[in-house]
Amino acid sequence: MGCLALSCVVAVAAVLDEAFSQAAHGKGADRHGTGERYEEQPTYWIGKTMGRGFALGQAMKKLTEAERLEERGEHDAANRERLGAIVYVAFGILESRRSAR
């Protein structure tokens with residue numbers, strides 16, 4: 001996948017937007033969308049209790065599942081898992097920032 005610097009940035013931004021959209025409006029919203037504030041959601045309070053390793057472990061689990069799906073030829077499902085992993089990495093960053101305060 002060759003690309004010029006700006007087109008790569010745009011492509012990465014599109015993937016990040018897709019990850020956000022999936023979490024906010026797609027599978028993530030379907031599974032976890034309870035209307036609760038972020039601080040009241042399990043991902044937040046479990047992360048606060050267990051540390052950023054919780055979110056990063058969830059990301060690793062999603063990436064492992066993505067590889068299994070990829071090996072079975074389920075490319076779209078694999079990419080959905082990878083998008084979920086991106087969101088969990090973001091939760092890890094939020095937890096790192098929260099605990100640094």
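Colleague: Before we look at α5, what counts as buried here?
Modeller: Buried means under 20% relative accessible area. Keep in mind that this is a predicted model.

Colleague: Fine. Which residues of α5 are buried, then?
Modeller: A77, A78, E81, L83, G84, A85, V87, Y88, F91, G92, E95 and R98.

Colleague: And the helix itself, how far apart are its end C-alpha atoms?
Modeller: They are 38 Å apart. Helix α5 covers residues 75–100, which is 26 residues. At 1.5 Å a residue it should span 38 Å, so the model agrees with the expected value.

Colleague: Next, the core. Which residues make up the largest nonpolar one?
Modeller: There are eight: A19, A55, A59, L83, A85, V87, Y88 and F91. Two elements, α4 (52–71) and α5, give two or more residues to this core.

Colleague: Which element gives the most?
Modeller: That is α5, with five residues.

Colleague: Take F91. What does it touch, leaving out residues up to four places away in sequence?
Modeller: F91 touches Y38, T43 and A55.

Colleague: Where does T43 sit?
Modeller: In helix α3, residues 42–50.

Colleague: Is T43 buried or exposed?
Modeller: T43 is buried, because its relative accessibility is 18% and the cut-off for buried is under 20%.

Colleague: Which residues is T43 in contact with, beyond its neighbours within four places?
Modeller: F54, Y88 and F91. Two of those names come up again in the core list, Y88 and F91.

Colleague: Switching to charges. How many salt bridges does a search of the whole structure find?
Modeller: Six. As background, side chains of opposite charge can pair when their charged atoms come close.

Colleague: Start with R68. What does its side chain meet?
Modeller: The R68 side chain meets E65 in a salt bridge, at 3.7 Å from N to O. Both residues lie in helix α4. They are three residues apart, about one turn of the helix.

Colleague: How open is E65?
Modeller: E65 is partly exposed, at 27% relative accessible area.

Colleague: Now E67. Which residue does it form a salt bridge with?
Modeller: R82. The closest N and O atoms are 3.0 Å apart. This pair links distant parts of the chain, with E67 in helix α4 and R82 in helix α5, 15 residues apart.

Colleague: And the accessibility of E67 and R82?
Modeller: E67 has a relative accessible area of 41%, so it is partly exposed. R82 is at 23% and also counts as partly exposed.

Colleague: What about E74?
Modeller: The side chains of E74 and R72 meet in a salt bridge, 3.0 Å from N to O. E74 is partly exposed, at 33%. R72 is exposed, at 53%.

Colleague: Which residues are joined into one network by salt bridges that share partners?
Modeller: E67, E70 and R82.

Colleague: Last topic, the surface. Which residues make the nonpolar patch of about 310 Å²?
Modeller: L6, V9 and V10 make that patch.

Colleague: Where is V10 placed?
Modeller: V10 is in helix α1, residues 5–25.

Colleague: Why call V10 exposed?
Modeller: Because its relative accessible area is 52%, and exposed means over 50%.

Note on methods: Residues are numbered from 1 along each chain as its sequence is written. This is a predicted model: local features need pLDDT of at least 70, side-chain atom pairs count only at pLDDT 80 or more; totals for chains, interfaces and linings use all residues. Side-chain values use heavy atoms; hydrogens and water are left out. Helices (H or I, at least four residues) and strands (E, at least two) are DSSP runs, numbered from the N terminus. The expected span of a helix is 1.5 Å times one less than its number of residues. Buried means under 20% relative accessible area, exposed over 50%, partly exposed in between (1.4 Å probe, protein chains only). A nonpolar core is a set of buried Ala, Val, Leu, Ile, Met, Phe, Trp, Tyr and Cys residues joined through side-chain atoms within 4.5 Å. Contact means heavy atoms within 4.5 Å. Patches are made of residues with over 30% relative accessible area and no salt bridge: like charges are joined within 9 Å, nonpolar side chains (Val, Leu, Ile, Met, Phe, Trp, Tyr) within 5 Å. Accessible areas come from the Shrake-Rupley method with a 1.4 Å probe; for residues, only the protein chains shown count as cover. A salt bridge is a side-chain nitrogen of Lys or Arg within 4 Å of a carboxyl oxygen of Asp or Glu.
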